[in-house]
Amino acid sequence: MDKIAFFDAKPYDREWFDKINNNKYEIHYYESRLRPESARLAEGCTAVCAFVNDVINTKTIETLAELGVKVILMRCAGFNNIALSAAKDKLKILRVPAYSPYAVAEHAMGLILALNRKIPRAYIRTRDFNFSLNGLTGFDLHGKTAGIIGTGKIGRVFIDICRGFGMDVIAYDPFPVENSGIRYVSQEELFKRSDIISLHCPLTRETRYIIDEQAIALMKKSALIVNTSRGQLIDSEALLSALNDKRIGGAALDVYEEESGLFFEDNSDKIVTDEVISLLVSRPNVIITSHQAFLTEEALRNIAEVTLKNFDDFLNGKELVNEIKS
Ligand code: NAD
C-alpha cells in the first residue's frame with residue numbers, strides 16, 4: 001500500500017482525509033510542519049502532503065528526493081512556499097487549484113461586515129451587559145464602491161456578493177476576464193475611488209506589497225482593506241503606520257506576512273514577540289482571523305477528494321491536470 005506523509009495535520013484535515021481515503025492509502029499524520037528538519041519523517045513514503053506554511057525549500061526538496069519521495073501533494077491552491085526550480089526533474093508537485101471560492105469570498109464579506117458594523121466589539125459588550133452603542137457606527141455598503149484586486153475564481157464570487165449588497169464594483173487585474181461585465185480600472189484609480197478594497201490575487205514578485213505606503217496614500221481615509229489572499233500582499237508596517245495616523249479606515253486580515261509559526265496554532269500562553277501583529281490586534285479597527293477563510297465543510301471535502309485523486313492519477317500514470325510545472 002502506498003504511503004503518504006501528511007504534515008501540519010489538524011483534526012479537521014484528518015476527519016476528511018480519513019473519510020475520503022477509506023484506507024486506500026496508508027496516511028501517516030504528523031503535527032509538525034514540513035521543513036528541512038522534519039522532511040526525514042517521510043522515509044518510506046511515496047508522497048508528502050503539505051500546506052500553505054510548510055517550508056518546501058531546496059533543502060526540503062533534496063531530502064525528500066533522497067528518501068525516494070516521488071510527489072508533493074499540496075492540499076491548497078497557493079504554492080509560493082515551494083522552491084519550484086529545485087523540484088524540477090526530482091519531484092512532481094500537484095495542488096488543488098480550487099476547492100471552494102465561495103468559502104473564501106463569503107469569509108471576506110463576513111470580515112467586512114464585522115469590521116464595518118463592529119460586530120465583534122458589540123458581541124463583547126453585550127456579553128458584559130454593556131448595551132451602549134457609542135463608537136459602533138458603521139456605513140451602508142449599499143451605493144459604495146468595492147475595489148477588487150484579482151478577478152479570478154474567488155474575486156469573481158466576491159464581486160457577485162458585493163453586487164448583491166448594491167455596491168458599485170471596480171476591479172484591477174492584468175489579465176481581465178473578457179465579456180464579464182466587470183469594470184476594470186487602473187490600480188491607481190481603484191485605490192483612489194474604493195470604499196472597500198479586497199485582495200484576491202496570488203502572491204508573486206509583482207504583487208508583493210501591492211498595498212504599500214504609496215498605495216495607502218492614494219486611498220480614502222475611510223477605506224477598509226480586506227486581505228484573504230496572502231500576507232505579503234500588504235506591507236504590514238505601512239498599514240500599521242496608516243492606522244496609527246488615521247489615514248485608513250480599518251483592516252480585516254485573514255493572512256499576515258509573518259503568519260508562519262503563529263497562525264493555525266494556539267499561542268495564548270506564549271509571549272508573542274512580533275510587535276507588528278501585537279499592535280495590529282490591539283487596534284479597534286482591525287480584525288484578524290487565522291487563515292480560516294477556506295475552512296468550510298465543502299472546502300475540506302473538496303480538498304481531500306482532489307488531493308487523493310491527484311495521487312491516484314500520479315500512481316496510474318494518468319494526465320496530471322493539477323500539476324505545478326517547475
Ligand atoms: P485565481 O488564480 O483563480 O485568480 C487569481 C487572479 O489574480 C487571476 O485573475 C490573475 O490574473 C490575477 N492576478 C495575477 N497577478 C495579478 C496582479 N499583479 N494584480 C492583480 N491581479 C493579479 O485564484 P483564486 O482561486 O481566485 O485565489 C486567489 C488567491 O486567494 C490565491 O492566490 C490564494 O493566495 C488565496 N487563497 C486564500 C485562502 C484562504 O484561506 N485565506 C484560500 C484559498 C485561496
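I began with the ligand and found 23 residues around it, counting a residue when one of its heavy atoms lies within 4 Å; the closest are Tyr 99, Lys 153, Ile 154, Asp 173 and Thr 228. I noted that this is a predicted model, in which local features need pLDDT of at least 70, side-chain atom pairs count only at pLDDT 80 or more, and totals for chains, interfaces and linings use all residues. I also noted that residues are numbered from 1 along each chain as its sequence is written, and that side-chain values use heavy atoms, with hydrogens and water left out.

Next I looked up polar contacts of the ligand (pairs of N or O atoms within 3.5 Å). I found a ligand nitrogen atom 2.9 Å from a polar backbone atom of Thr 228, a ligand oxygen atom 3.4 Å from a polar backbone atom of Ser 229, and a polar side-chain atom of Arg 230 at 3.3 Å from an oxygen atom of the ligand. I then read that the protein covers 85% of the 870 Å² of accessible area that the ligand has on its own, by the Shrake-Rupley method with a 1.4 Å probe.

Last, I turned to the chain, and I recorded that its C-alpha trace spans about 60 × 50 × 35 Å along the principal axes.

Methods:
A polar contact is a pair of N or O atoms within 3.5 Å; within protein, one must be able to donate a hydrogen and the other to accept it, and residues adjacent in sequence count only if both atoms are side-chain atoms.
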